[in-house]
Amino acid sequence: MKSIKDVYKIGSGPSSSHTMGPQKAAILFKEKYPDLKSVKVFLYGSLAFTGKGHLTDWIIEQEFKGIDNEVIFEATKKDIKHPNTLKFIGTMNDQTTIEWTIYSIGGGDIEIEGVALDDYNSDVYKENSFNEIVDFCQKNNLTLIDYIYQNEPDLDDFLKDIWKQMKKSIANGISTKGTLPGKLNIPRKAKKLYEQGEGDEILSAYAYAVNEENSAGGIIVTAPTCGACGVLPATLKYYQEKMNLDDKIIIDALAIAGLFGAVVKKNATVSGAEAGCQAEVGVATSMAAAAGSFIHGGTLHEIEVAAEIGLEHQLGLTCDPVLGYVQVPCIQRNAVGTTKARTAFKLANNIAETEKIRFDTIVQVMYETGKDMSENYRETSLGGLAKVYLEKNKNIN
Ligand code: SF4
């Protein structure tokens, strides 16, 4: 299983699979082919259906600035290997052409057909499932946090930067007024919620803050994706303040949450285009629940149960962003995710001994449910809220 560092990436919103992944591919393409004269970029599947609202064309044009470039939305092509597929056809100064087929597999990660990406391929953990992790910890008398640092001794320096950025995204979000970009004309709400609220409103304000930053193309941390970037930082910041916790506990909670994200990435997906929003906000809720349980003194088993409950009750959650923007339902969904995460860890820390379902089981169920979902509910904006809202607001498009 890969490093927890693979779960948390600092970058520009609004979408890890639709902006960060394509951006990474464009940077690699330019690095590998410095003689690039022009490039045509074809977007397929979810990238073609929601790429406009998710700013895919904008990020590609930014990265290829100075090089003749064209972005083509191929929404009709069906025989693609991954729902987020893009193709670069580059022409060099000597007129030779190079073609890359790229899969943006979620959380900012990419795979390129026929091209090895060393930084993406290395496994850090020998264990590949949560059951294996539990067995190892029990055999070796380790806590979960000892297990993580034994495998990744330099992780806490990395996580300090991640936590710094998460707090910065919250601070930026709760101090910014105005309207989010796009045709929906949605006013930012984090500042208002923060100024008027207490308790739950503050928790929601922090989630809104991060997700509004994301929607506006600001800098955020994937947790595990851009669309689901608010649940975990909001939960951590809220409990840090409420319980007067020092940063070290929060860093360790980030490590615990990241381990669950890494298990999901290994065994299923965090891509809304592959498995709907259960794979994004669902997994974020699960990670935040695990972190919450840890902060509140949860045992290894209670932490696992918190993560399991967090995901179990987000099963079936569809991805249907209105007009393809990462705004409705995404922003509010993160705020609601924080309260589900809280319920999950409070339940887990009280009734874990009788819980029947293991974390690995729920991850498998989430993935199978996602694969069974109609593509209308997997980040195409062809069904659900995206479809019905447009039917009722025909003048908006
Ligand atoms: S509905 Fe969920 S999965 Fe879809 S774009 Fe919004 S946050 Fe991402």
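In this predicted model, the chain is divided into two parts, domain 1 (13-121) and domain 2 (130-396). Their centres, taken over C-alpha atoms, are separated by 27 Å, and the contact between them draws on 20 residues from domain 1 and 28 residues from domain 2. On the side of domain 1 that touches domain 2, the elements that give two or more residues are helix H1 (16-32), helix H2 (46-50) and strand E5 (97-106). The residues of that side comprise six nonpolar, 13 polar and one charged.

An open sheet of five strands follows the order E3-E2-E4-E5-E6, and its pairing is mixed. Because E3 and strand E6 (109-112) stand at the edges, each with a single partner strand, one side of each is left without a neighbour in the sheet. From one strand to the next, the twist averages 25°.

Strand E2 has pairings with E4 and E3, set out below.

| Strand pair | Direction | Bridges |
|---|---|---|
| E2 (residues 36-45) and E4 (residues 84-92) | antiparallel | nine bridges |
| E2 and E3 (residues 68-74) | parallel | seven bridges |

Individual residues show how E2 is placed between these strands: Ser38 stands opposite Thr91 in E4 and has Asp68 as its bridge partner in E3, while Lys40 is paired with Glu70 of E3.

Helices also pack against these strands. H1 packs on the sheet, where it touches E2, E4, E5 and E6, and its direction makes about 150° with that of E5. Helix H3 (residues 56-63), in turn, lies across E2 and E3 and runs at about 160° to E3.

How values were computed: Residues are numbered from 1 along each chain as its sequence is written. This is a predicted model: local features need pLDDT of at least 70, side-chain atom pairs count only at pLDDT 80 or more; totals for chains, interfaces and linings use all residues. Two strands pair if DSSP finds at least two bridges between them. Helices (H or I, at least four residues) and strands (E, at least two) are DSSP runs, numbered from the N terminus. Domain bounds come from an automatic or database domain assignment. Two residues are in contact if their C-beta atoms, placed from the backbone, lie within 7 Å. Ala, Val, Leu, Ile, Met, Phe, Trp, Tyr, Cys and Pro count as nonpolar, Asp, Glu, Lys and Arg as charged, and the others, Gly among them, as polar. Axes are lines fitted to C-alpha atoms, for helices over the stretch in contact, and angles run from 0 to 180 degrees between N-to-C directions.
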